[in-house]
Amino acid sequence: MKQCVCLIDGVTERLGRLLAWLIPLMMLGTATVVIMRYGFGQGMTALQESVTYFHGTVFMLGAAYTLKHGGHVRVDIFYHRFSVRTKAWVDSIGSIVFLLPLCGLILITSWDFAYNAWAIRETSVEPGGLPLVYLLKSLLPLMAINLGLQGIAELLRNAMILISPELDAHAD
């Protein structure tokens, strides 16, 4: 179990750190689009669309990294007071009941959407736009797979906590 968690965590961590480099590129692209449009009256459709692609990539593929680091929104009225073992139960149930089924649903419903975009090599409808819409649509099933794998890692991590004899001395 521990090796599986470490493997998934390692992939998620490397991907998250790689994605972080898209944020300055996205900022630079946005600034360039604004300067060109309002400073020089020139539109840059491909650059504007690339900012959207970067944003979508960071958001969709960064979801697993955010989960790994506990950055997703949670109602923390009681949770912060729970013991380690109780938190592991809550997180496990949340993963089984909500996260993993949602990832499965997104994967199932987005697969044909992305496949069809690939089949026709879908491009931008805008003149001068990027010819890579199929890559953008591929982020949906990739996000579901990536987030689902990290959800499995979190579930396994919580299972290790729940079966850990060291915590029995400090149990609820």
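A residue counts as buried when its relative accessible area is under 20%, as exposed when the value is over 50%, and as partly exposed in between. Keep that in mind as we look around this predicted model.

**Overall build**

The protein has 6 helices and 0 strands, so its pattern along the sequence reads α-α-α-α-α-α. Its radius of gyration is 20 Å, well over the 16 Å that the globule rule gives for 172 residues, so the protein is more spread out than a compact globule. Along the principal axes, the C-alpha trace spans about 70 × 35 × 30 Å.

**Inside and outside**

Of the 172 residues, 32% are buried. The protein exposes about 11100 Å², and carbon and sulfur atoms supply 71% of that area. Among contacts with a separation of 6 or more, 75% join residues 24 or more positions apart. As for charge, the mean positions of the 12 positive and 12 negative charges lie 4 Å apart.

**The cysteines**

A disulfide is a covalent bond between the sulfur atoms of two cysteines. How many disulfides does the count come to? The count comes to 0. For Cys4, the nearest cysteine sulfur belongs to Cys6 and is 9.4 Å away. For Cys103, the closest cysteine sulfur is that of Cys4, at 15 Å, which is too far for a bond; the cut-off is 2.5 Å.

Is Cys103 buried or exposed? The table gives the answer, next to the value for Cys4.

| Residue | Relative accessible area | Class |
|---|---|---|
| Cys4 | 36% | partly exposed |
| Cys103 | 5% | buried |

Cys103 is buried because its 5% falls under the 20% limit.

Notes:
Residues are numbered from 1 along each chain as its sequence is written. This is a predicted model: local features need pLDDT of at least 70, side-chain atom pairs count only at pLDDT 80 or more; totals for chains, interfaces and linings use all residues. Side-chain values use heavy atoms; hydrogens and water are left out. Helices (H or I, at least four residues) and strands (E, at least two) are DSSP runs, numbered from the N terminus. The radius of gyration is taken over C-alpha atoms; the globule rule is 2.2 Å times the number of residues to the power 0.38. Buried means under 20% relative accessible area, exposed over 50%, partly exposed in between (1.4 Å probe, protein chains only). Contact means heavy atoms within 4.5 Å. Accessible areas come from the Shrake-Rupley method with a 1.4 Å probe; for residues, only the protein chains shown count as cover. Lys and Arg count as positive and Asp and Glu as negative; His and the chain ends are not counted. The place of a charge is taken as NZ of Lys, CZ of Arg, CG of Asp or CD of Glu.
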